[in-house]
Amino acid sequence: MTKKKKPQKHSSQKKTFRGTVQITRSGMSFVIIEGQEKDIMVRQKNLNTALDGDDVLVDVIKQGRNEGRMEGVITEIVKRKKIEFTGTLQVNKGFAFLVPEKGLFMPDIYIPANSVKGAKDGDKAVVRVVAWGEKTRKPVGEIVEVLDASNTNDLAMKEILIESGFPLSFPDEVMKELGEISENIDAEEVKKRKDFRKILTFTIDPVDAKDFDDAISIRKLRGSLYEVGVHIADVSHYVLPETALDKEADKRATSVYLPDRVLPMLPEKISNELCSLRPHEDKLTFSAVFKMNDKGEIKEHWLGRTVIHSNHRFTYEDVQEIIESGEGTYKDEVLLLNNIAQILRKQRFENGAINFSSQEVRFQLDENAKPVGIVVKESKEAHQLIEELMLLANRTVAEYVYNIRIGTNQHVPFPYRVHDTPDEEKLRVFSGFARKFGHKLEIDNPDKLARSFNEMLQLAHGKPEQHVLETLGIRTMAKAAYTVDDIGHYGLGFDHYCHFTSPIRRYPDVLVHRVLQQCLTHDIHPDRQMEKKCKHSSEMERKAMDAERAANKYKQVEYMQQYIGEEFDGVVSGVAHFGFWVETVDTKCEGLVSIHNMSTKDEFKYDENEYALIGMFTGKKIRIGDKVRIQVVAANLVKRQLDYDLIEEGGGEPTPFRKSSRKPGATEKPARKSAAADRKDTKTKGKKKDTSSKKKPASGKKQASSSRKKP
């Protein structure tokens, strides 16, 4: 008898994916895979120390039926979202534990005796995880900082930064390396550079700026030509590749601007001293210099390393006063530069840039960082002067590097700043919405789309639909990012664009300087990790924006706590199936009106195409851009949430657009009354127009430094 052959086992190939861990409020864990519709469920025993937000590798161990959800096991932590955590210390004899804040699904962190550093039981602290126990798989940490629990603002801001993955302090090896950098400019280094120290040079920055990373020089040439220089702090001279400073800057990727502080990408010795282009000091710079006429027509340009000596420090307010009055220090040079900038700006919009208007909100803070007022700042010609010259430098550098080839006609790996064309489906929906207001977008012709967008925004200016069209138009656009794939910048209308002008606060700008110098000296060393660095910088930029939004929201809630029961005029800023958000007109503070609080008035359904909630019985629509009147009913600092109620009169229509009887910015706290009494009193009082949001900040008040950001 012949033996029967055993059937061969066909082992299916192991599937491994890279993704981001997401832990839900209920404690369930999933790995989100980019480009894959269905995520992978991971049981707690298979997390292998992964935490929410970590970048991981996951092996599929079970395939769901009928292509259902897969189940996996995490095999490697590629990158931690954060390594520092806040919580409460439990100190025992010779060791301690940090108990993280609730909702983090994070195990207690063990702190050995040599890392307790005199902390006491019950202290709030920041702890850095330095290892994971081999057998226990539990985190081991060291205390970075004991927090002052009585300073709720400082505690909240630090928690926001840590939650977003930004360390509060620099590692010891970075500070040691920093101490070895000479503060003196070497004479031999100056000889290698073009010397601009005898040419009129000045900076233009916010009044509260502490670092100055760009300066402008100008001089008259023969005939009708001028030389305009854009000089940028040469951070790459001090921060060298693969040093501890460089690795930390790469890791952080960006500075973070909160209402009362800046968490810098680089230590202050670099950002505020060595590289800050302070007046009356020699400084090393990287420059883009343009030979042009007074019509902004560029005849030639030069790129390279320079040394400058700033003659004067302007604030934006100083320059704006010169522009408006025609008088002031270096008035002829300022007025000429402003004229050139306005010409460049006009050309940019004619060539396809989209002219979205934006408002910047800044908090007036007292000595304890408590908000006592809110200022809405507009972009004026002084801001546009700097903006246009920075855009010109950024574009020129990107075009130069793009046209250089290496090897077999390959592009140099370079961190371009790109902005893709709008998503076709989003654009189609938005176009249909805009058509209801009589605006037609040329969505089938990419060349005409930007022009028709600008025409729509111009025609809508000052009309009721302006806010809704601007808000939804911005949401229709793609998000800008860093990448080596140069697809151009749609919003600016540039074929080539990069970030060259802010290396003190953005790591991609440091990379741009390095690659540019290699190209200028014909000594190119292609960075094969450039795309990876670009992706990381884009991710950290988004995290910084999230932190800034969270901090601003905290300040909004803190500010509005004094107005519980008060009424304000507002504009609907967002709509969802569970309610709608309203931004107050004067204070720009956004809160939610829950649909549940409107159930006695009507039953509302969300219409996606209308961007609106529609009353099933009355047919009433609540949509983005609508003017409404709300009452502040709750302000929760812990959750950073504002809750509003819609105030209505006669047939369910919002009350007439009126000003609050009380000026935002007042520091005294109103007497508490019932909501009904507050509503009755406010309705019967005469209204006085409040212009506090348009006033200049009171002297001596601290302000946010987020306006430090430039193109």
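This report covers helix α11 and two helix packings in a predicted model.

## Helix α11

Helix α11 takes in residues 446–460, which makes 15 residues. At 1.5 Å a residue the expected span is 21 Å, and the C-alpha atoms at the two ends are 21 Å apart, so the two values agree. After α11 comes Gly-462, which has a positive phi, near 85 degrees.

The buried residues of α11 are Leu-449, Ala-450, Ser-452, Phe-453, Asn-454, Met-456, Leu-457 and Ala-460. Their cover includes three other helices: α8 (331–350), α10 (424–435) and α12 (466–476).

## Packing of α10 and α11

The axes of α10 and α11 lie 13 Å apart and make an angle of about 35 degrees. This crossing is left-handed. On the α10 side the contact is formed by Leu-427, Phe-430 and Ala-434, and on the α11 side by Leu-449, Phe-453 and Met-456. By class, the contact consists of six nonpolar residues, with no polar and no charged ones. Leu-449, Phe-453 and Met-456 also appear among the buried residues of α11.

## Packing of α8 and α9

Helix α9 covers residues 381–402, and α8 packs against α9 with the axes 8 Å apart. The angle between α8 and α9 is about 65 degrees. Angles from 65 to 115 degrees count as roughly perpendicular, and α8 and α9 are therefore placed in that class. Their crossing is left-handed.

From α8, the contact draws on Val-334, Leu-337, Asn-338, Ala-341, Gln-342, Leu-344, Arg-345 and Arg-348. From α9, the contributors are Glu-381, Gln-384, Leu-385, Glu-387, Glu-388, Leu-389, Leu-391 and Leu-392. Sorted by class, the contact of α8 with α9 comprises eight nonpolar, three polar and five charged residues. The arginines Arg-345 and Arg-348 come from α8, while Glu-381, Glu-387 and Glu-388 come from α9.

## Gln-384 in the α8–α9 contact

Gln-384 sits in helix α9 and is one of the residues through which α9 meets α8. Its relative accessibility is 10%, so Gln-384 counts as buried, the cut-off being under 20%.

With neighbours within four places in sequence left aside, Gln-384 is in contact with Ala-341, Gln-342, Arg-345 and Ser-379. Among these partners, Ala-341, Gln-342 and Arg-345 are listed on the α8 side of the helix contact.

Terms used. Residues numbered from 1 in each chain as written. Predicted model: local features only at pLDDT ≥ 70, side-chain atom pairs only at ≥ 80, totals over all residues. Heavy atoms only, no water. Helix = DSSP H or I, 4+ residues; strand = E, 2+ residues; numbered from the N terminus. Expected span 1.5 Å × (residues − 1). Buried < 20%, exposed > 50% of the residue type's maximum accessible area, 1.4 Å probe, protein only. Contact = heavy atoms within 4.5 Å. Axes fitted to C-alpha atoms, helices over the stretch in contact; angles between N-to-C directions. Parallel < 35°, antiparallel > 145°, perpendicular 65-115°, else oblique. Left-handed = near helix turned anticlockwise from the far one by under 90°. Nonpolar A, V, L, I, M, F, W, Y, C, P; charged D, E, K, R; others polar.
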